[in-house]
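Let's take a walk through this one together, starting with charges and rings and ending at the ligand.

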Amino acid sequence: MLNYAATSSFNCHTKRFTAPPPSPGYNLHPSSLSLSSLSSQFHHNLPSISVYNHTHFNILPRTKGLKVRCTQNEPLKVMISGAPASGKGTQCEMIVQKFGLVHISTGDLLRSEVAAGSEIGNQAKEYMNSGRLVPDEVVTNMVIGRLSREDAKEKGWLLDGFPRSFAQAQSLEKMKIRPDVFIALDVPDEILIDRCVGRRLDPETGKIYHIKNFPPETEEVKARLITRPDDTEEKVKSRLQIYKQNVEAILSTYSDLLKKIDGNRPKNVIFGEITSMLLQIQKEKELGKSENASKLDSQFNKSPATKENWRGIPTNLNNIPHSREIREYFYDDVLQATQRAISDGKTRVKVEINIPELNPEQDVYRIGTLMELVRVIALSFADDGKRVKVSVQGSMGEGALAGMPLQLAGTRQILEYMDWGNDGAKGDFINFGAIGGKEVDERDDIFILVAPQNAMGNCIIDDLRAMTDAAGSRPVILINPRLKDLPASSGIMQTMGREKRLEYAASFEMCYQFRLLYYAGTQYPIMGALRMAYPYRYELFKRVNDSTGKEKYVILSTFPSRPTGDEVNDAFEGRTRDKNKNSSGFWGFMNGIFSA
Ligand code: AP5
């Protein structure tokens, strides 16, 4: 049964971000240094805090406002740390824009104080200019006051440059203020010095530049750039030394939440990694696992034993149609894996997602779910300024042999009529086409191919190959391809040798796979699931009922590559594989599933 429900159950709205109004400067008097008074003053007078809308499902429009409507959820709390010039400020700019968190930078706050000539500023100036830390109580009160403001509670916060000493960390611990994740940017010393000395700031926009790495866009901007007084080589060395003296004590406070990130890479690559991590945490919070959301598992360098605590997969997958939350979970999961693969430079990737609504072999298959998934991915890349071509194969063959897979009938029209937002995504950034070499426009940046597949007597692989040849080094993403050899009575499919065809089909690297596991060819009950999200391992889950009768998925094992049926059977039976032995017994049924 085909269910044409492309837009009915997952509304797509667009929403534009608006920049926050400029904040006034603020002044603090010496008498105001008690916590409560500081806190209330910060409620009214803080400078340079960037606040954008906070949403979960960030498919979203930095540049063009191509935003899919999102659900509000438990706000994120993030700490970012690193040596001077490790890139904290640079990453914060992007994180704030994407996640709408309230950015609290102690360096920026202090510099505003200095610029305003306040009492605090006058005190802080001397310390800052000599590269030393400003006294703990001054900075701690400032931060705690800022964190207690409503916007930080509602939108979540991004704490940059705090805590910077053991005492500061302990102050937060005592008040039970903890982040979901503690990000530590790691950059070699010699690079830090060059970054500091070359740094320039735009006093009008607050944007951070570097004379070599990120030069200003125009002569006008260049003319107004300033250098920080603490950015001389000598002062940087002293700041670095102070950082090193303190860092261990701080890291030990947050060892359970620590995520070290290699900060010596292009800033967008670093941001991609941070984004994936924060989206994952957000998703966990939304799924009601907030207590564990900050415990990152092996996906982010921790032991697999904790994995089931923080990352499960949705339950109730037997309930059809799937709930909106379940669909959003999978759209988001696929999106993140795809983004990671493309940002790692992969150009030929495939997604195979076989939840019941996306499995054409099941009678609950919904073309609308497939279309929504494609929309989420396409909008996300369009949001990053990419021109996306979404391609659905047209009719193949001629005369009596003409045809196309039933599953794709009407798909192109559905794509055309779907809600792509009001901000010009469709047409400007997202275009539709068929599959073939002629479909490739030189302006296209990325191609999403919707369920390309052979049809009886017709082989899509020739067209696919022509298209990928024309696409060259531009990424091509296959969503639920079915490129297995099909029998052809007429031999028409033999336009290319069988072996070559299969080799070509296999040249697409899996970037996401999800399938449910069933017993003996039935579709009920679900026995378990297999999931892989690039670049991580295949995870094998078993579905179990807990003591209250509620189902959950527990992880049985992980594999570096797709497990064979025998490996899956062994994991379910809890035995080590004897490679010479064929599987048998209760779980022996699973072999067939994995032979494809
Ligand atoms: P603060 O302003 O926090 O300075 P910092 O920690 O030394 O960090 P920076 O701002 O120098 O660097 P960043 O990591 O933000 O790097 P950025 O993105 O700009 O603090 C200043 C002073 O205030 C302290 O010394 C202290 O006196 C006082 N203070 C602050 N907090 C305090 C606290 N909690 N307690 C006590 N005192 C406190 O990048 C640097 C450059 O590199 C830029 O030019 C950028 O364009 C470039 N760059 C960034 N990323 C990349 C990349 N991936 N590749 C190449 N170049 C890059």
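Which residue lies over the face of Phe 214? Lys 267 does, at 4.0 Å from the ring centre. Bear in mind as you look around that this is a predicted model. There is a second arrangement of this kind: Lys 283 lies over the face of Tyr 329, at 4.4 Å from the ring centre. The ring of Tyr 329 has company too, since ring pairs join it with Phe 330 and Phe 514 in a cluster.

**Aromatic pairs**

Searching the whole structure turns up five aromatic pairs. One of them is Phe 182 with Tyr 254, a stacked pair with 4.8 Å between centres and 10° between the planes. This pair links distant parts of the chain: Phe 182 belongs to strand β4 (residues 181–186), while Tyr 254 sits in the loop between α10 (233–253) and β7 (258–262), 72 residues apart. Are these two rings' residues buried or exposed? Phe 182 counts as buried because its relative accessibility is 1%, under the 20% cut-off. Tyr 254 is buried as well, with a relative accessible area of 0%.

Trp 420 and Phe 432 make a tilted pair, with 5.5 Å centre to centre and 50° between the planes. Here Trp 420 is in the loop between α15 (411–417) and α16 (425–429), and Phe 432 is in strand β10 (residues 430–433), twelve residues apart. Trp 420 counts as buried at 3% relative accessibility, and so does Phe 432 at 11%.

**Around the ligand**

Now for the ligand. It is surrounded by 35 residues, and the closest are Thr 90, Arg 132, Arg 164, Arg 199 and Arg 239. Three of the polar contacts to look up in the viewer are these:

| Ligand atom | Protein partner | Distance |
|---|---|---|
| nitrogen | Gln 168, side-chain N or O | 2.8 Å |
| oxygen | Tyr 209, polar backbone atom | 2.8 Å |
| nitrogen | Asn 213, side-chain N or O | 2.9 Å |

How much of the ligand's own accessible area does the protein cover? The protein covers 95% of the 1000 Å² that the ligand has on its own. As for who supplies the shell, the elements giving two or more residues are α2 (88–99), α3 (106–116), β6 (208–210) and α11 (267–286). Helix α3 gives the most, with four residues. Sorted by class, the shell comes out as 13 nonpolar, eleven polar and eleven charged residues.

Terms used. Residues numbered from 1 in each chain as written. Predicted model: local features only at pLDDT ≥ 70, side-chain atom pairs only at ≥ 80, totals over all residues. Heavy atoms only, no water. Near = heavy atom within 4 Å. Polar contact = N/O pair within 3.5 Å; in protein donor to acceptor, adjacent residues only side chain to side chain. Areas by Shrake-Rupley, 256 points an atom, 1.4 Å probe, with all protein chains shown as cover. Nonpolar A, V, L, I, M, F, W, Y, C, P; charged D, E, K, R; others polar. Phe/Tyr/Trp six-rings, centres within 6.5 Å; stacked < 30°, edge-to-face > 60°. Buried < 20%, exposed > 50% of the residue type's maximum accessible area, 1.4 Å probe, protein only. Lys NZ or Arg CZ within 6 Å of the ring centre and 35° of its normal.
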